[in-house]
Amino acid sequence: MSALDGTVRRSVVRISAPGGGYDPSGARFWGSGFFVAPGWVLTCAHVVANGGGDVLSGAAAIDITDSREHTTEGRVALVLPPPDDPDRPPRSWKLPDLALVEVDGGQDAECLWLSDRSAVVPARISLHGWSTETGDLALRSGTGTASGTDGPEGSAMLLRGEIPVAGCSGGPVVDVARGAVVGVCKGRGQDTAGLAVPVTALRRMANERPGRDRLHALIRAHDLHHLRRYRTVGTGGSWTGFQHALRPAGAGGFTPVLRTHLFARLAELSPPGTPGEVMALVDEVKRRMIQAPYQPGIEHDPRTWREGVGLLYDLRDDEGRAPERDLELEAVLLYAARVAAAVSRAGLPADEAPLRELSGWLTGREEPIQPVIREEIGQILHGGADDPQEPREHPAPGTVELRKPERRKVEPDVPDARARADVLVEIDPLLYGDKYTWRVRLLREDDLVTLREDEQGVIRAELCEALREPIAAAVRQGDVGEHLAAVEAIVPRELLDEPLDAWRLCPPGAPETFLDPDTLPLGQRRVVVLRDRRRRDHPASPEWRRRWSGTARGPLTAVPLRREAPLRGHDGPGRESGHAVYDRLSGAEDSAVPVYCGPVASGPGAAAMEAALAAGHAVVIWRRCAIGHTDCAEFHRHVSELVCEAKTADGLHRRIRSLRIRNGDPEYPDPEVLWARSIALLFDSPDHPPLPELPLYAPAPRPGPP
């Protein structure tokens, strides 16, 4: 048995019904688990579900038995996903099928090292767990390969080899080449096949506000434990030492020792609020280090600062070759400095001491890195002199000073000056049947990345529930600090009156509270606009481009979408014909915004909207409600004032969001803005994302004789 295997075995526990920990027969044995932090065991939800609702809720204790046959009590603190009915747990638990168990007296336990990388496959792995398959209850292990992922989002790892055996569910899957736990064994398939859950699935904890704090506490305890362990036993029996021994010859300068120290310091800082905050820093560092056009292509979902480090391994030059410089080390140190600056910008008192520790550690490094990178790290942390002729003044050691002189070329861009990306929701027209196919993408300045899609489609009534979690995941990727991703929905014209701005990102039935922003309707927290699906399939017309530029420059003016609406209402007599609407709107100023006090997905409003789009209008304001109002004249008057105050198209967003908030309380809406209930905005750029180019055709034969 290798030293690594011996350490893993000391961390693996067996989980049993109360009193079953002392039963060597295994009659009350449920499955396996392993310590990930002092006092915390990670296992599968279906393992602890054997105890029923009281165990799942933490009301009843379970037995946790370690390799020394020492049994203590544990209580379930979290299951992912929670069951619909805890008293009747499902026979087959949905992914990620994870549970955290708090263990009494487990503060001195040996803890495994959780990988900081996204799952790297294929990988040689070992699997460990307790089992009764061969008769006696004993700790078993096997070897194999993590060969890939299963599911639409890669939410499970496929295992092949001499694995797994019954009872190993909840045991660790260890990447033996890197010395890190990459998964949790979920179950056994046919022959030697198995299924595991990547440890990155723990990120699901952070989808809820209390869970984010719990994940941070868990990772903090994990990383501080491994630094203490390294300082106590050195490389002889620590995971830092195991990883050092596994390093290939000629590996870069970001050693396991540096990683252990850095992760412990990052763990002391306030956690990132969204994955977008981590990815914004990672993207900036990669652009800086690779120094070539950088397009991520693949999106990640990091929830901790340490995971950002895991995304900086294996950097290559612009031709894919290994660089002469140690880009990995330079990138990691530069990233850590940017993390320090980002956390310092928030100004939380609890971060002052950890920031001093991290800043002092970074500036005290003696590893061989490029002088310009070392200077840039100093600039990020400590600023410089305002006068180029003055010597640079350093503040007190360990402080992070964010006031930088603009003159210095190494001055980094502020990564959180805006959202990292906006969210693009694309819903396709009906082709066959009554189901809409859809996709959710991140819309950035230089790329467009698809996060989720459904090629089977759902009926209209199911769109909100189908898109809720994909949109929630996407905005987490786009939000950076106080800068929130906008949601742009490209929809067929029959869906233009869909109340997308009223959708919520929380599950149905969740209590509504201002303390949790996800319970607010989308349009009350962030920019929500609609775009036309039909004209996305064709190159932009000159009218469309001209009017988009006109509304961007301003000043805006309002023009009725239907001429009779301000006088007689949108359902009154004397309707303007579609050709008359087209003629009138074609002659309107480029900065004119068509306005309508009724719906545009059907009826006369739909015909008028079609004419407006044909005339190139890119910004339109209307109201989704079809009946029950007689205030069309008031609506048109107020919107005319609104667009004049906004001056430009971008100026509309804050004002419309304010109107949605003031109308948000169904019992006590603001009486002064009742005219704006169910207000909707078409905001349709022809350039972002780019439209298709004109197709190329073979030249047609010329008439006449050859």
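**Note on the cores and salt bridges of a predicted model**

1. Leaving aside neighbours within four places in sequence, Trp305 is in contact (heavy atoms within 4.5 Å) with Leu266, Leu269, Ser270, Pro271, Pro272, Glu277, Val278, Leu281, Tyr335, Val339 and Val343. This is a predicted model, in which local features need pLDDT of at least 70 and side-chain atom pairs count only at pLDDT 80 or more, while totals for chains, interfaces and linings use all residues. Residues are numbered from 1 along each chain as its sequence is written, and side-chain values use heavy atoms, with hydrogens and water left out.

2. The largest nonpolar core (buried Ala, Val, Leu, Ile, Met, Phe, Trp, Tyr and Cys residues joined through side-chain atoms within 4.5 Å; buried means under 20% relative accessible area with a 1.4 Å probe, protein chains only) has 97 residues. Those touching the most other members are Val48, Leu262, Leu266, Trp305, Val309 and Tyr335. Helix H9 (residues 327-346) contributes the most, 13 residues; helices are DSSP runs (H or I) of at least four residues, and strands (E) of at least two, numbered from the N terminus.

3. Apart from this core lies another, of 74 residues, including Leu467 and Val491.

4. The whole structure holds 43 salt bridges (a side-chain nitrogen of Lys or Arg within 4 Å of a carboxyl oxygen of Asp or Glu). In one of them, Arg439 pairs with Glu426, the closest N and O atoms being 2.9 Å apart. Arg439 lies in strand E14 (residues 436-443) and Glu426 in strand E13 (residues 422-427), so the bridge ties together parts 13 residues apart in sequence.

5. Arg439 also forms a salt bridge with Asp428 (2.5 Å, N to O). Asp428 is buried, at 10% relative accessible area, and Arg439 is buried at 16%.

Methods: Buried < 20%, exposed > 50% of the residue type's maximum accessible area, 1.4 Å probe, protein only.
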